[in-house]
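Trainee: Before we discuss terms, could you show me the model, so that each label can be set against its rule?

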Amino acid sequence: MNFTSAHLCNRVLSKASKLIQRSFIPVGIQSAVHRARIGIVQHYLTQQYGSLINEYQPLVKDPAELNLPADKIIWVCWLQGLDHAPEIVKKCIANLQLFHGEDCTIHLITLENYKNFVTLPRHIEEKFKKKLMKPAHFSDVLRLCLLAKHGGAWIDSTVLILKKLPDDVFNEQFFTLKSHSYSTISSISLGKWTTFFLQARPGYAPVLFLRDLLVQYWQDHDKELDYFLFDHAISIAYQHFPEFKYQVDHLGYFGNHRHLLMPLLLTEYSAEAASPINEDPVQIYKLTYKIDSTHTVPQHSFYQHYIK
């Protein structure tokens, strides 16, 4: 299958999926359409980059054999700089500083300073400047380059922590948030990973593979096959590298409630309504800065309580 065919099939199925999600078509059929989309995208990528998979397979070691140093580094990114960040982003970054300013090195990555830490391939920078790459895809490559070279934890700038991160985040060779709860009609990871919260040791082979796959993809293409390319790349690594699959499967389910706060953010705050958050042992929450400005926010909202 060539790119044009894969891209067309994915777009048709994507539109069909959105239409049937608004209908009374059974979830099983919706899930089948979604799986077909995943199959098309990943078949193309596996076919196109099979040599890269073969190159890295012998390099992915059993985690027990690895003895890579653990650096307590946190990478957080707002490309335009903190002065231009929305209030939610500023609060998320402030909480990282509050809970880990003393025991971690925290780097805020921007367009002005990222070259102090990594050198991106020229074609990545050029395609981003020409707007052939969305900021999200540029950020995907950037985070993988940072983790591959320096290690540490990448935490999206819209992740709010309400307590110190668990020790396991920095003790594992690779760490990500996992959840038993996921949508069968939209999830690629099936709850096994997130791209917005990743930790790895420097030089960790699966991260090198992910970096090289996305770098090579953008060398070969001027548009995304699917918006969630990064998730598809991780899925391919998970399927083809047994040691990486073992590492992911044996991580604890931290982050089961990571989407708990966002639906409450613009609602009335009360101790009773907040009890699931207070009882959550992890308290890591994925938010969005894209809030409907026309929405009427109660005076004593969760937003006021946790963000202001």
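**Labels and their rules**

Mentor: Let us begin with one pair of residues: Gly152 has Ala200 as its bridge partner in β6. The model is predicted, so local features need pLDDT of at least 70 and side-chain atom pairs count only at pLDDT 80 or more, while totals for chains, interfaces and linings use all residues. Residues are numbered from 1 along each chain as its sequence is written, and side-chain values use heavy atoms, with hydrogens and water left out.

Trainee: What makes strand β3 and β6 a pair?

Mentor: Two strands pair if DSSP finds at least two bridges between them, and strands are DSSP runs of E with at least two residues, as helices are runs of H or I with at least four, numbered from the N terminus. Strand β3 (residues 152-155) and β6 are joined by 4 bridges and run antiparallel, therefore they meet the rule of at least two. On β5, Phe174 stands opposite Ala200 in β6, and β5 and β6 pair in the antiparallel sense over 3 bridges.

Trainee: Why is the pairing of the open sheet called mixed?

Mentor: The 5 strands are in the order β2-β1-β3-β6-β5. Strand β1 (residues 73-77) and strand β2 (residues 105-109) pair in the parallel sense over 5 bridges, whereas β3 and β6 run antiparallel, and the pairing is accordingly mixed.

Trainee: How do you know that Lys72 and Asp103 form a salt bridge?

Mentor: The term requires a side-chain nitrogen of Lys or Arg within 4 Å of a carboxyl oxygen of Asp or Glu. For Lys72 and Asp103 the N to O distance is 3.3 Å, so the pair satisfies the cut-off of 4 Å. This pair links distant parts of the chain, with Lys72 in the loop between α3 (50-56) and β1 and Asp103 in the loop between α4 and β2, 31 residues apart.

Trainee: Why is Lys72 called partly exposed?

Mentor: Buried means under 20% relative accessible area and exposed over 50%, with partly exposed in between (1.4 Å probe, protein chains only). Lys72 has 34% relative accessibility, so Lys72 counts as partly exposed, and Asp103, at 25%, also counts as partly exposed.

Trainee: What makes Arg143 and Asp156 a salt bridge, and are they buried or exposed?

Mentor: Their closest N and O atoms are 3.4 Å apart, so they too satisfy the 4 Å rule. Both Arg143 and Asp156 are buried.
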